[in-house]
Amino acid sequence: MNKPLRRVAIFCGLLVLALLVRVNWVQFVQGDELKNDPHNRRVAIERYSTPRGNIIVDGKAITGSTTTDSGDFKYKRTYKNGKMWAPVTGYASQAFDANQLEKLNDGILSGTDDRLFFSRTVDMFTGSKQKGGNVVTTLDAKAQKAAFDGLGNQKGAVAAINPETGAILALASTPSYDPSTFAGMSNKDAEAYLALQKKKNPDEPMLNRALRQTYPPGSTFKVVTASAALENGLYDDVDSHTRSPLPYTLPDTSGIELKNEGNIPCKNATLREALRVSCNTVFGKISADLGNKKMMDEAEKFGFNNPGINTPVRASESIFPKDNRPQNAMAGIGQASNRATPLQMAMVASAVANGGKLMKPYMVDSLVAPNLNVVQQHTPQEMSQPLSPENAQKVQSIMETVVKSGTGTAAQLPGVTVGGKTGTAQHGENNKDNPYAWFISYAKTDKGTPVAVAVVIEGSDTLRDDIAGGRLAAPVAKDVMRAVLEGEK
């Protein structure tokens, strides 16, 4: 071969080599990056080329798929009782992607997850179309309906947990939205989605208040403060008098008094009586006596200051603040910078009900392949131990007194032991807005403790006292607990 031909051959060989390197680089190194690029329309086309798998509650699908004429996409998502289930499912939209369970489990639902390799291989050999797997939740349909109906037209949220496992039984948020209204690609879908955004709808129907909104927990936090008093040995008998003057002056202030709501017997009140009538002075002083570090340590055992609580949908971080002495006293009664999600306060009630053991909350029981093989099964996990079993029984006892003869009598259920705590949290600058009405509770029978509930309602026209939580939120919690107990029969 002469010299010019040899040079051409070498140059062509180098071009072929460069092409092979480039192809392999794109396929093996950049493959995942290109696959997940939001501008890669082929991924979206594949996602909606077949019916999605379903999200399952009580053995029944609460989602579906239907054919569509929106260009490249053959199928779009549908939802049954979409408004009720939106805080659980999230949405899957051809135009606006997906969120919550729809997003986190997209690979299973669309059939592209590597754990479905065997199922995809069988489909390839049989010529069947690719199918999506299912997401089996822990939710209880009757409890969810009771929560959603109970909230009604009020703005608020409900979280219910099985204390023994951590399984989430209900997760409701109002106002809500129907994900079906913007599941497609039409102008109508776009208009429906934009109408739900905060700029056009200040009520924020797409905000998952059960997981993503934090509120001052008000007097429901006194359960944590009572737990801290017992765990740190400040008091060891819930029926012995506390060292609680009336009036009580906040520490390090020039005579600023912490006031109780109403004329209630709070001077040196026992923990039982203080929780029953909800004495701010008793629990504010407990928080001040223990100090910020001990209060923070106890709150964190219940889940506060933890940004990593995933259900698997991530919950916003509940905050017990590092603060000065007067503010720490206020945080001990659920005010100041104390903030909690409804899920967090359900976790508080759950830990008390479960003998002081807090189980990690979760709402996906299993992921199932199209052939019904389980590809992932959840195992309940202990998260922490906020209370010793002995102290948990003491807190249960005083929470049960709240429901028997205190501010929580509206949550009583015949033949069932119910423990609870009402709360009314101040709202707005100088407390100018209507308060938040809270109720946390649990129900137990001879068979165990199947449910703990937290309810928050954003505002009421009732009096500014703890009975507001009893009047507005306790009946909702009662209905949710009743629904779970009926399902246990």
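**Close-up views of a predicted model**

**View 1. The second largest cavity.** About 50 Å³ of space lies in the second largest cavity of this predicted model. Its lining consists of Gly303, Asn306, Ile309, Ala315, Ser316, Glu317, Ser318, Thr341, Leu343, Gln344 and Met347. By class, this lining has 4 nonpolar, 6 polar and 1 charged residues. Leu343, one of the lining residues, also appears in View 3 as a member of the largest nonpolar core. Ile309 and Ala315, which line the cavity too, are both in contact with Leu343.

**View 2. The largest cavity and the cis bond at Pro175.** The search counts 2 cavities of 30 Å³ or more, and the largest holds about 70 Å³ of space. Around the largest cavity are Ala86, Pro87, Asn99, Gln100, Ser173, Pro175, Ser176, Tyr177, Pro205, Met206, Leu207 and Asn208. These lining residues divide into 7 nonpolar and 5 polar, with no charged residue. Pro175, part of this lining, is joined to Thr174 by a cis peptide bond with omega of about -5°. Pro175 sits in the loop between β9 (168-174) and α9 (187-195).

**View 3. The largest nonpolar core, with Leu343 and its contacts.** The core has 88 residues, and the members that touch the most others are Phe283, Ile286, Phe304, Leu343 and Met363. Helix α16 (residues 342-353) supplies its largest share, 9 residues. Apart from this core lies another, of 30 residues, including Ala160, Val403, Ala443 and Met481. In soluble globular proteins, nonpolar side chains tend to be buried together. Beyond four places in sequence, the contacts of Leu343 are Ala159, Ile161, Ile168, Ala210, Leu211, Ile309, Thr311, Ala315 and Pro361.

**View 4. The cis bond at Pro312.** Thr311, a contact of Leu343 in View 3, precedes a cis peptide bond to Pro312, with omega near 20°. Pro312 is in the loop between α14 (292-301) and α15 (325-331). Most residues other than glycine have a negative phi, and most peptide bonds are trans.

**View 5. The disulfide of Cys266 and Cys279****.** The whole structure contains 1 disulfide. Cys266 and Cys279 form this link, with 2.1 Å between their sulfur atoms. The link is left-handed, with -90° about the S-S bond. The two cysteines are 13 residues apart and join distant parts of the chain: Cys266 lies in the loop between β11 (257-258) and α12 (271-277), and Cys279 in the loop between α12 and α13 (280-290). Both Cys266 and Cys279 are buried. Cys12, by contrast, has a relative accessible area of 41%, so it counts as partly exposed.

**View 6. Ser278 and Asn280, on either side of Cys279.** Ser278 is found in the loop between α12 and α13, the loop that also holds Cys279. Phi of Ser278 is near 70°, a positive value in a residue that is not glycine. Ser278 is buried because its relative accessible area is 2%, under the 20% limit. Asn280 belongs to helix α13 and is also buried, at 8% relative accessibility. Not counting residues up to four places away in sequence, Asn280 touches Ser219, Lys222, Leu258, Lys259, Asn260, Glu261 and Ile333.

**View 7. Asn81, a second example of positive phi.** Asn81 has a phi near 50°, positive although the residue is not glycine. Asn81 is placed in the loop between β4 (75-79) and α4 (82-89). Is Asn81 buried or exposed? With 54% relative accessibility, Asn81 counts as exposed, because the limit for that class is over 50%. Ser278, the residue with positive phi in View 6, is buried.

**View 8. Thr407 beside Arg276.** Thr407 and Arg276 are 131 residues apart in sequence, and their C-alpha atoms are 6.5 Å apart in space. Thr407 occupies the loop between α17 (389-405) and β16 (417-427). At 16% relative accessibility, Thr407 counts as buried.

**View 9. The whole protein, for orientation.** The protein has 18 helices and 18 strands. Of its 489 residues, 52% count as buried. Among contacts with a separation of 6 or more, 67% are between residues 24 or more positions apart; the disulfide of View 5 spans 13 residues.

Definitions and conventions. Residues are numbered from 1 along each chain as its sequence is written. This is a predicted model: local features need pLDDT of at least 70, side-chain atom pairs count only at pLDDT 80 or more; totals for chains, interfaces and linings use all residues. Side-chain values use heavy atoms; hydrogens and water are left out. A disulfide is a pair of cysteine sulfur atoms within 2.5 Å. Helices (H or I, at least four residues) and strands (E, at least two) are DSSP runs, numbered from the N terminus. Buried means under 20% relative accessible area, exposed over 50%, partly exposed in between (1.4 Å probe, protein chains only). A nonpolar core is a set of buried Ala, Val, Leu, Ile, Met, Phe, Trp, Tyr and Cys residues joined through side-chain atoms within 4.5 Å. Contact means heavy atoms within 4.5 Å. On a 1 Å grid over the protein atoms alone, a cavity is a set of points where a 1.4 Å probe fits but cannot get out, and a pocket is an open set with protein on both sides within 12 Å along at least five of seven lines; lining residues have an atom within 4 Å of a point. Grid points are joined across faces, edges and corners, and a volume is the space filled by probe spheres set on the points. Ala, Val, Leu, Ile, Met, Phe, Trp, Tyr, Cys and Pro count as nonpolar, Asp, Glu, Lys and Arg as charged, and the others, Gly among them, as polar.
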